[in-house]
Amino acid sequence: WPGTGSTATPYQACTQASTGARCPNASALSALIASPDATGATWQTVIRDDGVNGSPNFYSDATTLTQPAYDANGDGKVWIRATSTTRGKTRTMVTLVRVEEQSEDIPHAAVIANRLYNSNNGNKPIVDMSHSTGANGFVGVRCTPVQGESNTNPCLAQPYKSGTWPTSLVQAQLSPYDGHIQLNYPVAPAVTAAARARLKARAIADGTYFATCPATIPSREVVWVETGNCQVQGTQVNSPTAPGMLIVNSGTVEVLANADFYGVIYAVNSQNSSGTVITVHANGVVHGGVIIDGPGGMEVGSNKANIIFDDTAYNAVKTYGTAGMIQNTWREIKN
């Protein structure tokens, strides 16, 4: 902890013999208390939810210890029970602890990619940036449209064949166009390594870290997929009032078949692919934004807007910062 955990990833009781990453390090603790009185000490820490059916404001062994060993009600608070025995004397302390979330500094874009290809030739918005505010809500590509581009590998929306750029079709499809397009976008990762580490740590803590793509992408704040080609189709992931972030470290993402994803899809593109990394087709819609690092491209093109920029999706991207005791909840209990 911090982290909500889950029924599949509860927080086990920790002792001086525990070696798990979620438990205190016994040798490090011993070094902090360099006293003969601590020699041979034994201890245990236990985490329990402050659920409404337990003890949300007052700790009681009889009720609190029956609660789940994770933040089941998702309020960012859990009870910590710490017991230590040394020289035949045992003391037990309890406190309610609350995690502090922190926002991450991520570009608030409709799309960031090496290139953006639109396979739909309709004269209508495909990337809707009408809800853009200030510097937020733009399309950033790391390329520059060049006359004579390939039909299947253009820089921005449609191939630049001849005449004046941008064409009226491109301006209609990336709407509004003026002031919302950035060419030659920086090649550096849009999300820093430190921020990626915090996002991954949150997913691990929340039980939403997956080594490969799950059959169904869960509706959660941060979902991290290490490797895989993920699909979202025929379903809704997250909601307008509770958007989330899907991160695929190495692999691709397809949003298809009337799917609605509320939040931010981020492809780290660790495989360094120069092909299409994220695809939104078949009436799939991302309500938020899409970010692709490296040389990877994005393809859109169904019968309606595939990307609808929503700044609230980025405002919801948060990781865990510090965790602290809640005032007046710390006390010693009888054993």
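**Cross-links, charge pairs and a buried glutamine**

Cysteine 213 and cysteine 230 form a disulfide, with their sulfur atoms 1.9 Å apart (a disulfide here is a pair of cysteine sulfur atoms within 2.5 Å). About the S-S bond of cysteine 213 and cysteine 230 the torsion is about -80 degrees, so the link is left-handed. This pair joins distant parts of the chain: cysteine 213 sits in the loop between β12 (209–210) and β13 (222–233), cysteine 230 sits in strand β13, and the two are 17 residues apart. Helices (H or I, at least four residues) and strands (E, at least two) are DSSP runs, numbered from the N terminus.

Before going further, a word on what you're looking at. This is a predicted model, where local features need pLDDT of at least 70 and side-chain atom pairs count only at pLDDT 80 or more, while totals for chains, interfaces and linings use all residues. Residues are numbered from 1 along each chain as its sequence is written, and side-chain values use heavy atoms, with hydrogens and water left out.

Back to that cross-link: how accessible are its two ends? Cysteine 213 is partly exposed, with a relative accessible area of 21%, whereas cysteine 230 is buried at 1%. The cut-offs: buried means under 20% relative accessible area, exposed over 50%, and partly exposed in between (1.4 Å probe, protein chains only).

How many disulfides does a search of the whole structure find? The count is three. Another of them joins cysteine 14 to cysteine 23, with 2.0 Å between the sulfur atoms. This link of cysteine 14 and cysteine 23 is left-handed, with -75 degrees about the S-S bond. Cysteine 14 is buried, having a relative accessible area of 4%, and cysteine 23 is buried with 18%.

Then there's the pair of cysteine 143 and cysteine 155, whose sulfur atoms are 1.9 Å apart. With 90 degrees about the S-S bond, the link of cysteine 143 and cysteine 155 is right-handed. Cysteine 143 lies in the loop between β8 and β9, and cysteine 155 also lies in the loop between β8 and β9, so the disulfide ties together parts that are 12 residues apart in sequence. Cysteine 143 and cysteine 155 are both buried. Count the bonded cysteines along the chain and the protein's disulfides follow the pattern 1-2, 3-4, 5-6.

Next, the charges. Side chains of opposite charge can pair when their charged atoms come close. Searching the whole structure turns up nine salt bridges (a side-chain nitrogen of Lys or Arg within 4 Å of a carboxyl oxygen of Asp or Glu).

A good place to start is arginine 81, which forms a salt bridge with aspartate 61; their closest N and O atoms are 3.0 Å apart. Arginine 81 belongs to strand β3 (residues 77–86) and aspartate 61 to helix α2 (residues 61–64), so this bridge ties together parts that are 20 residues apart in sequence. Arginine 81 is buried, at 13% relative accessible area, while aspartate 61 counts as partly exposed at 28%.

Which parts of the chain do aspartate 293 and arginine 142 tie together? First, the contact itself: the side chains of aspartate 293 and arginine 142 meet in a salt bridge, 3.8 Å from N to O. Aspartate 293 lies in the loop between β18 (285–292) and β19 (297–300) and arginine 142 in the loop between β8 (139–141) and β9 (156–157), so the pair ties together parts that are 151 residues apart in sequence. Both aspartate 293 and arginine 142 are buried.

Glutamate 100 and arginine 98 make a salt bridge too, and their closest N and O atoms are 3.8 Å apart. Glutamate 100 is partly exposed, with 41% relative accessible area, and arginine 98 counts as partly exposed at 37%. Elsewhere, Glu101, Arg202 and Asp206 are linked in a salt-bridge network.

Finally, try glutamine 158, placed in the loop between β9 and α3 (168–173). Is glutamine 158 buried or exposed? Glutamine 158 is buried, with a relative accessible area of 7%. A polar atom of the glutamine 158 side chain lies 2.9 Å from the backbone oxygen of asparagine 120. Leaving aside neighbours within four places in sequence, glutamine 158 is in contact with Asn118, Asn120, Asn121, Glu149, Trp165, Leu169, Val170 and Gln173, where contact means heavy atoms within 4.5 Å.

Note on methods. Polar contact = N/O pair within 3.5 Å; in protein donor to acceptor, adjacent residues only side chain to side chain.
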